[in-house]
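Trainee: Could you take me closely through one helix and what surrounds it, and then through the contacts in this model?

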Amino acid sequence: MKEYQERYIANIKRVNQLKDVYSQADEGFSVWYEGRLQAKKEMDILKKENIDLLNKDLFPVLDSLYEADAQTLQDLQDFADTLMDWKTNLDCGIYVLIHESLLSMYRVRKDRNKIIQELYKLGMGLYYRNRMFQGSQTELAKKIYFENEMVFTEGGSYLKYFDRIDDEETKGYIIRSLANISISTTDRKRRIATTAKVINIVSDPYYREMAPSLPWDAYLRKTYQQMSANRSTLSDGGLSKEELSSIMEACQIIFEPEKENKDPNIRWLWPFYEMEYSCGFADLKTTLSRMEKLIESTPYDRYDESGLYGNVQLPIYYGRLLQNNPQYTKEKNIRFLKYAYDKMMKALLSFPREKIDDFYFYDIALLVFSYYETEGVDTYHDVISRLIGRIFPQNYIRMKKAGEIASLFAAKIYENDPSHFDDISFIKEIKDLKEKEDVLLNYVKDCGLYYDFGLTSMNMKKITDIRDLFEQESEIFTLHTQFGYDNLSTRESTKRFADIARGHHRWYDQSDGYPKDYIRIESPYRRICDLFAICDHILFEYHGDMDKLTKEMKEKSGTRFSPLALSYLDEELSAKIEKVLTLEKEEYYRELYDLISSIH
Amino acid sequence: MARGYAVSKKDLSKILYRSDDFNENDIVSKVDLSDDTVLLLSGKDPITEDLERRLEEAESANIAKETFLSNMSHDIRTPMNAIIGMTALAKKHIDEKSRLIDSLNKIDTASLHLLSLINEVLDMSRINSGKLQIANELFSLSDLIHDTVTIIKPQMAQKGHEFELHIDNIEYEDLYGDIQRLRQIYVNIINNAVKYTNNNGHISVSFSEEKKDGSCVLLFNCSDNGIGMSEEFIKKIYDPFERAGNSTISGIEGTGLGMSIVQKLVQAMGGEINIDSKVDEGTSVTIRIPFLYSEPAIAANALQGKRFLLLMKDSKSCEVLEKYLKEYQVEYERTTDFSSMVSALTEADFSQKPYDCFLLGHVDDSTGNSLDMASYIHRSNPDTPIVLISDDDWEKIEYDANRSGIEHFIPIPFFRKSLINALDTVLSGQQGSSSSSRIDLSGKNILLVEDNLINREIALEILRSTGARIDTAENGKEAIERFENTDEGFYNIILMDIQMPVMDGYSATRNIRNLSRTDGKTVKIYAMSANIFAEDIAKAREAGMDGHIAKPIDINKLMQTLKQA
């Protein structure tokens with residue numbers, strides 16, 4: 001690899017070390033606090049250096065890629081591969097960028113084998129990148145999933161040249177591209193049909209004989225695995241008997257052997273039970289009882305793959321089953337759910353930091369998406385509040401600040417007009433003015449924890465800590481408003497924060513910003529949202545001169561920002577905000593320190 | 001109703017109220033209305049009467065429920081018996097393959113039947129509770145008809161029926177509606193025709209359209225020469241649980257909900273259904289449903305001047321196909337068997353006039369079937385697309401078809417738009433991925449600003465295929481000079497590199513935008529750069545650029561951008 005590439009990788013690794021808020025936590029607050037400030041400084045420097053490395057070294061190479069020699073191309077491949085280790089995922093965006101560039105070049109050169117290989121690699125890169133917003137069903141997300149599907153589809157379409165391609169490795173890429181259509185498409189029928197086709201191909205001697213060196217049996221098993229992933233859709237209906245039997249057969253092949261295992265890996269055993277439930281071979285009661293045994297048998301401090309599955313994913317699936325079958329849910333099931341959720345939180349909060357990887361975050365995302373809030377278990381609000389500080393400590397400080405600044409604004413407005421926020425019914429109904437103020441300000445502070453909730457659960461910080469966002473990444477970034485809204489609005493305890501998460505990037509006069517379908521006037525929370533639009537801007541744009549920033553914002557009064565809210569931003573309020581942004585920094589770190597110390 | 005007689009307590013002769021049906025001989029109760037008024041009630045009091053009425057209603061509902069359960073218990077139990085019994089038999093004869101297969105086939109049939117019963121009951125329940133939702137999504141009529149025919153074909157073949165499908169006057173192929181519910185309606189009607197027609201009967205289905213006030217009405221008719229229905233039965237046909245209890249047909253099973261559901265669905269879609277039937281002569285069912293439609297957009301850019309070779313026996317489909325091909329100036333030759341096809345291929349080879357596309361219909365004769373023909377063609381013409389046009393179920397034949405070199409499928413029936421667009425897509429794709437979205441920019445002038453020689457040459461090569469006139473400049477300053485030295489409006493598009501010696505792309509763009517001539521403001525300028533930070537792209541926009549193309553240039557993305565310019 002080239003020197004700049006090694007430097008870039010080393011910088012990311014160093015940033016990842018510096019991000020560890022637990023470092024020096026045992027040495028007391030003062031040492032830890034100094035360490036955090038130093039770490040932040042160093043991280044800023046490293047990020048800047050990384051951006052320079054890309055601008056000065058990588059982009060020029062891509063700019064004149066046609067002139068690149070073989071060694072340069074090989075270095076690019078190695079660089080990309082190191083950045084896209086499937087587990088640690090150092091920088092998926094650069095991996096995608098490099099393979100997009102190589103693909104464009106090989107298309108012009110009409111190098112068929114290379115095109116096929118690059119299509120597969122690009123498809124994988126896009127797939128891993130898209131995992132950060134997996135499950136989102138916005139138009140933009142669907143467009144991005146579709147691009148990914150088309151890349152694999154193009155790679156797989158070279159099957160028609162299978163007999164004329166002399167390189168066996170390339171043939172392998174064709175098969176895997178074809179198979180991976182199933183992981184990138186959102187169309188269930190297409191997913192099943194494609195996987196069934198690949199099972200036929202990889203079992204067919206006609207193809208096997210044309211590339212005897214390929215690991216056909218491994219391909220077959222992997223493809224059965226992909227087919228078995230459709231098991232959760234069995235009970236949705238609408239499948240033909242061929243589709244149904246294909247899924248059932250794949251589940252039997254993949255999961256049944258685990259039943260015989262004395263120490264079964266729950267990750268493999270549960271799907272078999274799930275298939276039995278979905279196919280009607282086991283009823284809900286049996287299935288719940290099986291899950292209970294698996295969950296109970298997993299110690300909370302088992303941190304391997306099976307442990308994570310038994311401690312996090314299974315409780316989530318258990319909750320999902322109860323949620324889907326409320327008429328059959330008994331009190332004892334809810335009691336068990338409470339036990340399982342408590343154990344899940346214990347496992348997540350005690351998870352050793354050196355073991356934290358993308359799979360851990362994937363499980364967090366699953367929790368964020370699927371937590372079943374019901375009477376008898378902790379509220380979603382409780383769970384999320386406990387998780388945020390532990391998992392996203394850097395965000396935590398920012399969120400706290402946002403909540404604090406917004407509450408300063410709210411207090412000032414309330415002082416002048418106690419009915420200003422009366423569109424919110426739970427505020428309006430409080431008659432005692434002092435109590436009303438307290439409730440309002442606490443609510444606004446809590447909003448701080450949630451207004452960028454989507455961003456937190458998408459883990460965008462992983463990218464923004466090491467470099468600036470690329471164009472498409474910044475487009476993906478906009479998904480966070482809807483992502484946050486979708487999760488907050490579906491739980492009773494967080495409903496009141498949902499509109500703030502959704503609307504804080506939409507302009508006051510609706511002329512710009514996102515998402516377009518947030519209609520300010522329709523939301524009873526709009527006046528709080530107006531405050532967070534201002535606070536978010538202040539947090540990102542404050543560079544030591546509050547007067548200048550206030551002046552800039554007031555130029556956008558009535559367009560980007562609420563004129564009414566901005567009219568309260570006088571010298572006194574500016575001074576208080578500036579204090580939060582600077583002088584009181586230590587206070588927030590103290591709070592974070594207390595939080596992590598309690599977990600540590 | 002109260003049969004009351006209210007009088008004053010003090011003066012019983014003072015009648016305050018008397019209902020018409022009051023019966024003095026049947027006074028059953030006395031109610032004090034006030035201190036001085038008493039109400040005498042004859043017959044049952046209103047409360048008892050109301051309770052009795054409710055009881056009557058409940059009993060009647062109960063009877064309906066029991067009738068339903070009685071009907072359903074038979075219908076559900078019968079296939080369940082088959083499943084349980086056959087499973088036991090299969091276990092008992094696990095080593096006898098033929099008996100095992102026989103049992104499994106019966107389980108298969110019974111399970112599917114059971115599923116359809118459950119679906120119908122659920123549908124009826126949804127309809128009765130007002131929860132039925134009719135989707136309003138764009139769908140292809142061609143797909144709907146193809147799917148419907150694919151579903152009913154096996155039953156049709158099993159009973160040896162002769163089946164005719166007529167498609168008349170279809171102008172709008174893309175309609176807005178609920179394709180799943182429509183399929184349910186048509187399959188149900190045709191299935192009835194299949195069931196209630198003795199073996200080796202004749203069934204004819206037709207689809208046609210009528211235009212009406214901004215929407216089109218889709219006419220469906222299904223006629224059979226089956227057992228028919230009496231007038232008396234037709235009156236009851238939409239009542240739930242009614243079915244033709246004709247002894248001439250034995251073993252017909254069903255909930256008797258089908259026609260009731262069909263009627264409710266048709267009504268929910270704003271349509272109407274008419275049945276014309278005579279006992280022992282047959283039945284004709286006509287359904288008219290209005291739809292909003294999407295105007296057909298036909299793309300045939302890649303078709304003109306192309307040579308096709310057809311191998312088709314089905315004269316009806318082929319007639320329609322030939323008509324459409326002629327309309328779009330496609331040169332074609334039609335063959336009807338394997339040997340004439342081989343001759344045509346040899347002739348094409350000899351005269352060095354290769355075909356651009358092969359269209360195969362369903363062929364299965366002594367010389368081979370469509371897949372054999374496809375394999376033969378594919379061996380000698382590996383890069384030429386082979387399209388199968390058939391009423392087969394593609395899902396079932398796709399794997400074998402792909403292995404034979406068939407990559408594309410057009411279902412029968414096909415209409416003008418679906419056929420032409422599909423063929424156009426096939427031929428567009430055939431030009432290779434590197435030029436799959438080539439566009440025609442003849443008459444346009446493009447200024448390519450790029451300092452790197454190789455990049456410039458590559459961009460030139462790609463751009464030349466668009467037919468546009470291309471000028472080049474090696475830096476921003478030169479670009480401005482070139483722009484200024486042309487007449488107003490000469491350049492349509494400028495492709496601008498960012499990092500260049502002398503003057504970079506941002507400055508050059510700003511200068512062009514600031515020129516006093518009007519086209520300086522309007523000419524489309526696109527940045528070409530490997531710098532893809534969101535900030536870089538924002539910078540390009542701030543400088544006055546209309547968009548950004550990442551480097552190295554992706555041919556398809558460049559074409560897409562030029563198309564939008």
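Mentor: The account below begins with helix 9 of chain B and then turns to the contact between the chains.

This is a predicted model, in which local features need pLDDT of at least 70 and side-chain atom pairs count only at pLDDT 80 or more, while totals for chains, interfaces and linings use all residues. Residues are numbered from 1 along each chain as its sequence is written, and chains are lettered from A and ligands numbered from 1 in the order in which they are written.

Helix 9 of chain B spans residues 370-380, and its buried residues are Ser370(B), Met373(B), Ala374(B), Ile377(B) and His378(B). Buried denotes 20 or more other C-beta atoms within 10 Å of a residue's own, and exposed denotes 12 or fewer, with C-beta atoms placed from the backbone. Helices (H or I, at least four residues) and strands (E, at least two) are DSSP runs, numbered from the N terminus. The buried residues lie on the same side of helix 9 of chain B because they cover an arc of only 135° around the axis, the arc being that of the directions from the helix axis to the C-beta atoms. On the other side of this helix, Arg379(B) and Ser380(B) are exposed. The cover over the buried residues includes helix 8 (338-350) and strands 12 (307-311), 14 (357-360), 16 (368-369) and 17 (386-390) of chain B.

Between the chains, 27 residues from chain A and 23 residues from chain B form the contact, for which the C-beta atoms of two residues, placed from the backbone, must lie within 7 Å. Helix 10 (394-403), helix 12 (453-464) and helix 16 (534-542) of chain B each supply at least two residues of the side that touches chain A.
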